[in-house]
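Here's a quick tour of a small set of features worth checking in the viewer. Have the sequence and the model open side by side as you read.

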Amino acid sequence: MITEEEQLKEMRIEILEKVKDDSKDEVFKIKLKRAKQRYLRLVYPFNREITELPDDRAKDWQTKCAIELYNLAGDENLTSYSENGLSESYARAGISQDLLNELPPPVAGVIK
C-alpha cells in the first residue's frame with residue numbers, strides 16, 4: 001500500500017521540484033485529507049462507514065487530487081475561466097473533469 005510519506009514525496013517533486021524540501025508538508029497533508037474525503041464522498045456516497053481508501057489506485061488518485069487542489073490555491077469552486085485561449089471549469093467537487101473521469105462509478109446500495 002502506498003504510504004503517506006510516499007505521497008508527500010511525490011507532491012514535493014511535482015510541486016516544489018525538490019524531494020527533500022519538507023517545508024510544505026503540513027499543507028500537503030491537509031490537501032491529502034481533503035482529497036481523501038472527496039474520493040469517499042464521490043465513490044461511496046451512501047456509506048459513511050467506509051473511512052479508508054480501498055487500494056493503491058485510490059491512493060494514487062488521492063495524490064493527484066491533492067496536487068490539483070494545491071495548485072488551485074483557493075480556486076476550487078471555479079466554474080468557468082477563459083483567458084488567451086486557456087479555458088478552465090470545475091463542475092463537481094471543485095476538481096477537473098479529467099480527474100473525476102478516473103474515479104470508479106459510485107457504489108450504490110440500500111440507503112440505511
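## Starting with one lysine

Is Lys64 buried, partly exposed or exposed? In this predicted model, Lys64 comes out at 31% relative accessibility, which makes it partly exposed because the class runs between the 20% and 50% cut-offs.

Lys64 has a salt-bridge partner in Asp60, with the closest N and O atoms 3.7 Å apart. Both residues sit in helix α3, four residues apart, or about one turn of the helix. That spacing makes sense, because an α-helix has 3.6 residues a turn and residues three or four places apart point the same way. Asp60 is also partly exposed, at 31% relative accessibility.

Lys64 also meets Glu102 in a salt bridge, this one at 2.6 Å from N to O. Glu102 is in the segment after α4 while Lys64 is in helix α3, so this pair ties together parts 38 residues apart in sequence. Glu102, at 43% relative accessibility, counts as partly exposed too.

## The other salt bridges

The whole structure has six salt bridges. One of them pairs Glu52 with Lys36, with 3.3 Å between the closest N and O atoms. Glu52 belongs to the loop between α2 and α3, and Lys36 to helix α2, 16 residues away. The two ends sit in quite distinct settings: Glu52 is exposed at 52% relative accessible area, whereas Lys36 is buried at 18%.

Then there's a network: Glu5, Arg12 and Asp25 are joined by salt bridges that share partners.

## Helix α2 and its cover

Helix α2 covers residues 25-43. At 1.5 Å a residue its 19 residues should span 27 Å, and the end C-alpha atoms are 26 Å apart, so the two agree.

Plenty of α2 is tucked away: its buried residues include Asp25, Phe28, Leu32, Tyr39 and Val43. What covers the buried residues of α2? Among the elements doing it are α1, α3 (56-72) and α4 (97-101).

## The chain overall

The protein chain has four helices and two strands, running α-α-α-β-β-α from the N terminus. Of its 112 residues, 35% are buried. The chain exposes about 7,600 Å², with carbon and sulfur atoms supplying 47% of that. Take contacts between residues at least 6 apart in sequence, and 59% join residues at least 24 apart.

As for confidence, the mean pLDDT is 87, and 81% of residues reach 70 or more. Among the elements, helix α1 (residues 4-16) has the highest mean, 97, and strand β2 (residues 86-88) the lowest, 64.

Methods. Residues are numbered from 1 along each chain as its sequence is written. This is a predicted model: local features need pLDDT of at least 70, side-chain atom pairs count only at pLDDT 80 or more; totals for chains, interfaces and linings use all residues. Side-chain values use heavy atoms; hydrogens and water are left out. pLDDT is the predictor's confidence in each residue, from 0 to 100. Buried means under 20% relative accessible area, exposed over 50%, partly exposed in between (1.4 Å probe, protein chains only). Contact means heavy atoms within 4.5 Å. Accessible areas come from the Shrake-Rupley method with a 1.4 Å probe; for residues, only the protein chains shown count as cover. The expected span of a helix is 1.5 Å times one less than its number of residues. A salt bridge is a side-chain nitrogen of Lys or Arg within 4 Å of a carboxyl oxygen of Asp or Glu.
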